[in-house]
Amino acid sequence: MEAKIEDSNLIDRFLSGDEEGFEMLVRKYQDRVINIVHSLGSRIQNADDIAQEVFIKVYKNLSFFNKKAKFSTWLYRITVNTAYSYLKKEKRYIPLVYVKRQDNFKKAVLDKLEYQEKQKLIDEVLKRLPFKYRTVIVLKETEGLSYTDIAKTLGCRVGTVESRLFRARRILKNILSSVLKEEYSLKEEYSL
């Protein structure tokens, strides 16, 4: 297992001509980028392509990266913008795929059918959320970014992040409440 190398060291290696520095950055962040793309609404089969596009942009622009900033924040911003551009081209929001969050969020607790039901519900609820709210939810809840890092990623103020997160949670609560009421009334209707 290779030692944990700082992003700035990998960037310096790449910028001085060592391609392995960039390859190590890709290996380090590739799963996170794909998870963000999935969470923001891209189809499974396109997530790898979008992630590849993200890393091509990083490759071409790494020399412009401000080393005083956090690399992951810069990378997440490119990821969000690339996914958003893709969704705009598609001119629709695509159902979300439930992402594996962290190792401590094991789906093993749920049996397969129950997990699929919950996944469908999450997809249904999140796809109704406007992109700007979905983005803050994904970056906060899935990626675990701080308000400051989300603000840097989205190019806005921390107060804007807090406001969007508050509104996103309120909208999600209302949507979830509505969806659960619909399901309950359907079950009642067919149980007679």
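User: Before we look at Thr135, which DSSP runs count as helices, and which helix holds this residue?
Analyst: Happy to start there. Helices are DSSP runs of H or I with at least four residues, and their numbers go up from the N terminus. The model we are looking at is predicted. In it, Thr135 sits in helix H6.

User: How many helices and strands does the chain have?
Analyst: Reading along the sequence, you meet the pattern α-α-α-α-α-α-α-α. That agrees with the count for the chain, which is 8 helices and 0 strands.

User: What share of the contacts between residues at least 6 apart in sequence joins residues at least 24 apart?
Analyst: Some context on the chain helps here: of its 192 residues, 36% count as buried. Among contacts between residues at least 6 apart in sequence, the share that joins residues at least 24 apart is 66%.

User: Is Thr135 buried or exposed?
Analyst: Buried means under 20% relative accessible area. Thr135 has 2% relative accessibility, so this residue counts as buried.

User: Which backbone oxygen lies 2.7 Å from a polar atom of the Thr135 side chain?
Analyst: Let's look around Thr135 in two steps. Setting aside neighbours within four places in sequence, Thr135 touches Leu40, Val80 and Leu154. As for the polar atom of its side chain, the backbone oxygen at 2.7 Å is that of Phe131.

User: How many of the residues of H6 are buried?
Analyst: The buried residues of H6 are Phe131, Tyr133, Arg134, Thr135, Val136, Ile137, Val138, Leu139 and Thr142. The helix is thus mostly covered, and the count is 9 of its 12 residues.

User: Which residue with a positive phi follows H6, and which one follows H7?
Analyst: Good spot to check in the viewer. After H6 comes Gly144, with a positive phi near 70°. After H7, the residue with a positive phi, near 70°, is Gly155.

User: Are H2 and H6 parallel or oblique to each other?
Analyst: Two packed helices are described by the angle between their axes and the distance between the axes. For helix H2 (residues 19–40) and helix H6 (residues 131–142), the axes come within 9 Å and cross at roughly 140°. Over 145 degrees would count as roughly antiparallel. H2 and H6 are therefore oblique.

User: How many nonpolar, polar and charged residues does the contact of H2 with H6 have?
Analyst: The crossing of these two helices, H2 and H6, is right-handed. From H2, Ile36, Ser39 and Leu40 meet Phe131, Arg134, Thr135, Val138, Leu139 and Thr142 of H6. By class, the contact of H2 with H6 has 5 nonpolar, 3 polar and 1 charged residues.

User: At roughly what angle do the axes of H6 and H7 cross, and what is the handedness of the crossing?
Analyst: The axes of H6 and H7 come within 10 Å and cross at roughly 135°. H6 and H7 are therefore oblique to each other. H6 passes H7 in a crossing that is right-handed.

User: Which residues of H6 and H7 make their contact?
Analyst: H6 and H7 meet in a right-handed crossing. The H6 side of the contact is Thr135, Val136, Leu139 and Lys140, and the H7 side is Tyr147, Ile150, Thr153 and Leu154.

User: Which side chain makes a polar contact with the side chain of Asp149?
Analyst: Asp149 is in helix H7 (residues 147–154), and with 10% relative accessibility this residue counts as buried. Apart from neighbours within four places in sequence, Asp149 is in contact with Lys70 and Thr73. The polar contact, at 2.9 Å, is with the side chain of Lys70.

User: How do the residues of the contact of H1 with H2 divide into nonpolar, polar and charged?
Analyst: The axes of helix H1 (residues 7–15) and H2 come within 6 Å and cross at roughly 140°, and this crossing is left-handed. On the H1 side, the contact uses Asp7, Leu10, Ile11, Arg13 and Phe14, while Glu19, Phe22 and Tyr29 are among the H2 residues. The contact of H1 with H2 divides into 7 nonpolar, 1 polar and 5 charged.

User: How far apart in space, C-alpha to C-alpha, are Ala47 and Asn35?
Analyst: Ala47 lies in helix H3 (residues 44–61) and, at 0% relative accessibility, counts as buried. Leaving out neighbours within four places in sequence, its contacts are Ile34, Val37 and His38. Ala47 and Asn35 are 12 residues apart in sequence, and their C-alpha to C-alpha distance is 8.4 Å.

Technical notes
Residues are numbered from 1 along each chain as its sequence is written. This is a predicted model: local features need pLDDT of at least 70, side-chain atom pairs count only at pLDDT 80 or more; totals for chains, interfaces and linings use all residues. Side-chain values use heavy atoms; hydrogens and water are left out. Axes are lines fitted to C-alpha atoms, for helices over the stretch in contact, and angles run from 0 to 180 degrees between N-to-C directions. Angles under 35 degrees count as roughly parallel, over 145 as roughly antiparallel, 65 to 115 as roughly perpendicular and the rest as oblique. A crossing is left-handed if the near helix is turned anticlockwise from the far one by less than a right angle, and right-handed if clockwise. Contact means heavy atoms within 4.5 Å. Ala, Val, Leu, Ile, Met, Phe, Trp, Tyr, Cys and Pro count as nonpolar, Asp, Glu, Lys and Arg as charged, and the others, Gly among them, as polar. Buried means under 20% relative accessible area, exposed over 50%, partly exposed in between (1.4 Å probe, protein chains only). A polar contact is a pair of N or O atoms within 3.5 Å; within protein, one must be able to donate a hydrogen and the other to accept it, and residues adjacent in sequence count only if both atoms are side-chain atoms.
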